[in-house]
Amino acid sequence: MATLFTKIINGEIPCYKVAENEEFFAFLDINPKAKGHTLVIPKREVDYLFDMEDDELARMMAFAKKIAAAIRKAFPCPKVGIAVLGLEVPHAHIHLIPLESEATFYVKEGVQLNGKEFEEVAAAIKKYL
Ligand code: AMP
């Protein structure tokens, strides 16, 4: 059965898309820790990030790097942090989170955005891609 994220890639479940190429896809996390919180995923279904082949993982990181640069331009912050948890959705994903401080990562309740605001966040990042 397709994972939730495969359904997002296929357009069966809506998302706020940021970017894609042949292998990878980036979209806004629906429960953002901060404005610009983005998930980067491989289109190929793989659960555990470190089950990916070295070269595939390297390409995913290069893709994430471009997205992170655009996030940082759209939402200036000291650094865009990356996190890999993956216990909730069994489809490998990298969180890219604009960090004002370490506290940004640990807040339980992140920012609340409505649909229009999510669209504006995605558009702001895309402007720099
Ligand atoms: P984890 O597997 O622990 O890295 O968490 C999965 C992440 O996916 C969480 O941050 C969720 O907010 C996010 N998420 C779950 N469903 C969706 C969705 N439909 N669209 C965007 N993000 C999602």
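**Pocket, cores and selected residues of the predicted model**

The largest pocket encloses about 680 Å³ of space. Its lining comprises 31 residues, of which Asp29, Ile30, Asn31, Glu88 and His95 lie closest to the centre. The structure described here is a predicted model. Three elements, α1 (4-9), β2 (24-28) and β5 (94-99), each contribute at least two residues to the lining of this pocket. The largest share comes from α1, which supplies three residues. Sorted by class, the lining holds 19 nonpolar, seven polar and five charged residues.

His95, one of the residues closest to the centre of the largest pocket, is located in strand β5. Its relative accessibility is 11%, and His95 is therefore classed as buried, the limit for that class being under 20%. The side chain of His95 forms a polar contact of 2.9 Å with the side chain of His37. When residues up to four places away in sequence are left aside, His95 is in contact with Asp29, His37, Thr38, Leu39, Gly81, Ile82, Ala83 and Leu85. Asp29 thus appears both among the contacts of His95 and among the residues closest to the pocket centre.

The largest nonpolar core contains 29 residues, and the members that touch the most others are Val40, Met52, Ile67, Leu96 and Ile125. At least two residues of this core come from each of β1 (17-20), β2, α2 (54-74), β5 and α4 (115-126). The greatest contribution is made by α2, with nine residues. A second core, separate from this one, consists of eight residues, including Ile8, Ile9, Leu39 and Val89. Within the largest core, the surroundings of Leu96 can be given in detail. Apart from residues up to four places away in sequence, Leu96 touches Gly36, His37, Thr38, Val40, Ala64, Ile67, Ala68, Ile71, Val80, Gly81 and Ile82. Two of these partners, Val40 and Ile67, are themselves listed with Leu96 among the core members that touch the most others. His37 and Thr38 are contacts of Leu96 and also of His95.

His91 is situated in the loop between β4 (79-83) and β5. With a relative accessibility of 0%, His91 is buried. Two polar contacts involve its side chain: one, of 2.7 Å, is made with the side chain of Thr3, and in the other a polar side-chain atom of His91 lies 2.7 Å from the backbone oxygen of Pro42. The contacts of His91, again without residues up to four places away in sequence, are Thr3, Phe5, Thr6, Ile9, Ile41, Pro42, Lys43, Arg44, Glu45, Val46 and Asp47.

One of these contacts, Phe5, belongs to helix α1. Phe5 has a relative accessible area of 5% and is accordingly buried. Beyond residues up to four places away in sequence, its contacts are Phe27, Leu39, Ile41, Val89, His91 and His93. Leu39 and Val89, which are contacts of Phe5, are members of the second core. The C-alpha atoms of Phe5 and Ala34 are 21 Å apart, with a separation of 29 residues along the chain.

Ala2 lies in the segment that precedes α1. A relative accessible area of 32% places Ala2 in the partly exposed class. Leaving out residues up to four places away in sequence, Ala2 is in contact with Lys7 and Glu45. Its C-alpha atom is separated by 21 Å from that of Ala19, 17 residues apart along the chain.

Asn21 occupies the loop between β1 and β2, and its relative accessibility of 33% makes Asn21 partly exposed. The side chain of Asn21 reaches two backbone nitrogens, that of Glu23 at 2.8 Å and that of Phe24 at 2.7 Å. Not counting residues up to four places away in sequence, Asn21 touches Lys43 and Phe63. Asn21 and Lys33, 12 residues apart in sequence, have C-alpha atoms 25 Å apart in space.

Gly115 is placed in helix α4 and, with a relative accessible area of 31%, is partly exposed. Gly115 and Tyr16 are 99 residues apart along the chain, while their C-alpha atoms are separated by 8.9 Å.

How values were computed: Residues are numbered from 1 along each chain as its sequence is written. This is a predicted model: local features need pLDDT of at least 70, side-chain atom pairs count only at pLDDT 80 or more; totals for chains, interfaces and linings use all residues. Side-chain values use heavy atoms; hydrogens and water are left out. On a 1 Å grid over the protein atoms alone, a cavity is a set of points where a 1.4 Å probe fits but cannot get out, and a pocket is an open set with protein on both sides within 12 Å along at least five of seven lines; lining residues have an atom within 4 Å of a point. Grid points are joined across faces, edges and corners, and a volume is the space filled by probe spheres set on the points. Helices (H or I, at least four residues) and strands (E, at least two) are DSSP runs, numbered from the N terminus. Ala, Val, Leu, Ile, Met, Phe, Trp, Tyr, Cys and Pro count as nonpolar, Asp, Glu, Lys and Arg as charged, and the others, Gly among them, as polar. A nonpolar core is a set of buried Ala, Val, Leu, Ile, Met, Phe, Trp, Tyr and Cys residues joined through side-chain atoms within 4.5 Å. Buried means under 20% relative accessible area, exposed over 50%, partly exposed in between (1.4 Å probe, protein chains only). Contact means heavy atoms within 4.5 Å. A polar contact is a pair of N or O atoms within 3.5 Å; within protein, one must be able to donate a hydrogen and the other to accept it, and residues adjacent in sequence count only if both atoms are side-chain atoms.
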